[in-house]
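Reader: Please take me through the strand pairing and helix packing here, one point at a time.

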Amino acid sequence: MNDPIVVEGKTYQHHSLMRPGSGKPSPLRDEKTDRQSFFKEKKKLRLDNTAGAYVPTGKGRILFVIDKNSVPCDSPEWGLIAETAQRLESCYPALSKQAQAALANLRAVVFSSKMARSYADVKPDIFFYDSDEFRRSDGSLVTPAWTTSCIVHDANHVWQHDNGQKFQGEKAEVVCWQLQVDNGPALGLADVEINHLKGFIADPAKIIARMNSKTF
């Protein structure tokens, strides 16, 4: 069943409608929903013009909220978000029990280019993904497998918080990077991506400064 769902009075379409296979225009193209009330503590991030989709995950679902002020419907970033949603649903059954448990704790992912970095907001169980991080240093897009693995990573930070575990700092990051590595085959990560993560695990201090930077 790919029927729309309603959460707190807002409609979310099944992710497949972000890029309909039939070639028809996406029903999300003209959506301009104000979801600011869904993120009451994020007044610096304008969410007055968004589109909403959802990804089924086992017995649950994860909401995808796209800030259309910074990620328009015809952009490559929009396409990558759609591919990420598809991969997340398709790979879910093959993920480890811990990865599935982590995703069960994740309420929503917000995509916007207005943040200084991607981060997990553990109290409302939301992952804010900076779409600028979709681009490598040469300007090319990262893969859907990579973005999906990042969602698993930050969902695990939410799980750590909700289960009374340490969710910040080097040790917490290493656990979440290792979860990405362990689920690499299920996620479809390439060897170069897995080796990239292993480099983080071997020397976590090299990106700690960025983790401690401001968000928005």
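Reader: How many bridges pair strand 2 with strand 3, and in which sense?
Author: Strand 2 covers residues 10-14 and strand 3 residues 50-57; strands (E, at least two residues) and helices (H or I, at least four) are DSSP runs numbered from the N terminus. This is a predicted model, in which local features need pLDDT of at least 70 and side-chain atom pairs count only at pLDDT 80 or more, while totals for chains, interfaces and linings use all residues. Residues are numbered from 1 along each chain as its sequence is written, and side-chain values use heavy atoms, with hydrogens and water left out. The two strands pair (at least two bridges found by DSSP) in the parallel sense, over 2 bridges.

Reader: Which residue of strand 3 is the bridge partner of Gln13?
Author: One bridge partnership can be named. Gln13 is matched in strand 3 by Ala53.

Reader: What is the angle between the directions of helix 3 and strand 7?
Author: Helix 3 (residues 144-162) packs on the sheet, in contact (heavy atoms within 4.5 Å) with strand 4 (60-67), strand 5 (108-112), strand 6 and strand 7 (126-130). Axes are lines fitted to C-alpha atoms, for helices over the stretch in contact, and angles run from 0 to 180 degrees between N-to-C directions. For helix 3 and strand 7 the angle is about 145°.

Reader: What is the strand order of the sheet, and which strands are at its edges?
Author: The sheet is open and mixed in its pairing, with 7 strands in the order 1-2-3-4-5-7-6. Pairing on one side only marks the edge strands, which are strand 1 (5-7) and strand 6 (119-121).

Reader: Is strand 7 buried or exposed?
Author: Strand 7 pairs with strand 5 in the parallel sense over 5 bridges and runs antiparallel to strand 6, joined by 3 bridges. Its two faces are both covered, with Ile126, Phe128 and Asp130 on one side and Phe127 and Tyr129 on the other. Buried means under 20% relative accessible area, exposed over 50%, partly exposed in between (1.4 Å probe, protein chains only). Since 5 of the 5 residues of strand 7 meet that criterion, the strand is largely enclosed by the rest of the structure, that is, buried.

Reader: Which residue in the hairpin of strand 6 and strand 7 takes a positive phi?
Author: The hairpin has 4 residues between its strands. The positive phi, near 60°, belongs to Asp125.

Reader: Why are helix 2 and helix 3 called roughly perpendicular?
Author: Angles under 35 degrees count as roughly parallel, over 145 as roughly antiparallel, 65 to 115 as roughly perpendicular and the rest as oblique. Helix 2 (residues 97-104) packs against helix 3 with the axes 7 Å apart. The term roughly perpendicular therefore applies to this pair, as their angle is about 75°.

Reader: How do helix 3 and helix 4 lie to each other, parallel or oblique?
Author: The axes of helix 3 and helix 4 (residues 170-182) come within 9 Å and cross at roughly 135°. That angle makes the pair oblique.

Reader: With which residues is Leu80 in contact, leaving aside neighbours within four places in sequence?
Author: Leu80 belongs to helix 1 (residues 76-91) and is buried, with a relative accessible area of 3%. Its C-alpha atom is separated by 8.5 Å from that of Val142, 62 residues apart along the chain. The contacts of Leu80 are Phe134, Leu141, Val142, Thr143, Pro144 and Thr147.
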